[in-house]
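I want to know how the protein meets one of the DNA strands. I will look up the contacts, then the parts of the chains behind them.

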2 protein chains.
Amino acid sequence: MEINTAIGVFSALSQETRLDVFQALVKAGPDGMMAGALAKSVDCPASTLSFHLKELLQAQLIRADKQGRAIYYAVDYGGVREMIDFLLISCCDGDPRLTGPYVIKG
Amino acid sequence: MEINTAIGVFSALSQETRLDVFQALVKAGPDGMMAGALAKSVDCPASTLSFHLKELLQAQLIRADKQGRAIYYAVDYGGVREMIDFLLISCCDGDPRLTGPYVIKG
DNA sequence: TCCATATTTCTAGAATTATCAAAATATATG
DNA sequence: CATATATTTTGATAATTCTAGAAATATGGA
């Protein structure tokens with residue numbers, strides 16, 4: 001992962017509404033949630049939420065699936081795995097003093 | 001970890017100079033680096049670097065150790081482990097579809 | 001077609017963050 | 001003490017990000 005990609009990802013998670021949205025979508029699983037349901041869940045005006053959803057999309061932390069007039073948002077499983085990998089391997093150098101018990105040594 | 005703490009941590013990593021500094025300090029190991037050496041390493045004016053180091057300190061991603069007139073900065077190993085734990089467990093719910101092979105199931 | 005629903009885009013202003021020269025602080029050395 | 005070194009703080013400006021109402025777009029149903 002490119003360093004600028006990583007900055008975009010961390011930036012996407014560095015805002016309360018977006019972190020709330022992300023956690024809600026993780027809980028929701030692969031089917032995700034409608035934008036409107038998310039707006040209620042995180043108590044945020046639709047236009048503001050839309051701005052934040054776009055940030056999360058650009059960071060490839062979530063994906064969107066249009067169904068009729070609704071849009072379902074769900075976690076982008078592959079994108080999140082890439083981010084975690086970048087953090088543990090590229091940023092933390094796979095050093096177990098930093099990663100704790102999480103990194104499987106190759 | 002409190003959600004606002006986590007936001008501070010992601011925010012600290014969402015800026016190029018700071019991510020560069022963090023990676024340099026991971027590479028440097030527990031002894032860390034002098035502020036001046038870091039400034040050269042990431043090509044950044046002293047006062048700007050000082051601003052960014054303070055952000056990383058507040059996020060508890062690095063620590064400072066004054067030795068004479070020099071200040072040695074090093075990774076805060078415990079702080080980083082807490083951050084990784086928050087990301088994998090609280091944010092990603094320990095879901096292996098998100099964490100990949102990294103989370104050890106309890 | 002007309003109306004309601006779901007969501008985004010636009011826009012302007014508010015708030016936050018980043019930059020860096022200059023001044024200040026602290027320490028070492030001759 | 002005087003000077004050089006290492007770093008931070010201040011302060012002013014520039015740049016970016018966030019907010020949310022209003023308008024626009026798209027779809028579904030009566």
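Entry 1. I started with a base. In this predicted model, a base oxygen of DNA strand D is 3.3 Å from an N or O atom in the side chain of A:Arg69.

Entry 2. Next I checked the phosphates. The side chain of A:His52 has an N or O atom 2.5 Å from a phosphate oxygen of DNA strand D. For B:Ile71, a backbone N or O atom does the job of contact, at 3.3 Å from a phosphate oxygen of DNA strand D.

Entry 3. Which elements give two or more residues to the surface near DNA strand D? From chain A, I noted helix 4 (46-58). From chain B, I noted helix 3 (35-42), helix 4 (46-58) and strand 3 (70-75).

Entry 4. I then took the whole surroundings. I found 21 residues around DNA strand D. The closest are A:Thr48, A:His52, B:Gly36, B:Ser47 and B:Tyr73. Of the atoms of DNA strand D that come within 4 Å of the protein, 65% belong to sugar and phosphate. I sorted the residues by class: eight are nonpolar, eight polar and five charged.

Entry 5. Strand 3 of chain B came up above, and I looked up its partner. Strand 2 (residues 62-67) of chain B pairs with strand 3 of chain B. The pairing is antiparallel, over six bridges. Opposite B:Tyr72 in strand 3 of chain B stands B:Asp65.

Entry 6. Last, I looked at the turn. The hairpin of strand 2 and strand 3 of chain B has two residues between the strands. There, B:Gly68 takes a positive phi near 65°.

Key
Residues are numbered from 1 along each chain as its sequence is written. Chains are lettered from A and ligands numbered from 1 in the order in which they are written. This is a predicted model: local features need pLDDT of at least 70, side-chain atom pairs count only at pLDDT 80 or more; totals for chains, interfaces and linings use all residues. Side-chain values use heavy atoms; hydrogens and water are left out. A residue is near a molecule or strand if one of its heavy atoms lies within 4 Å of it. A polar contact is a pair of N or O atoms within 3.5 Å; within protein, one must be able to donate a hydrogen and the other to accept it, and residues adjacent in sequence count only if both atoms are side-chain atoms. Helices (H or I, at least four residues) and strands (E, at least two) are DSSP runs, numbered from the N terminus. Ala, Val, Leu, Ile, Met, Phe, Trp, Tyr, Cys and Pro count as nonpolar, Asp, Glu, Lys and Arg as charged, and the others, Gly among them, as polar. Two strands pair if DSSP finds at least two bridges between them.
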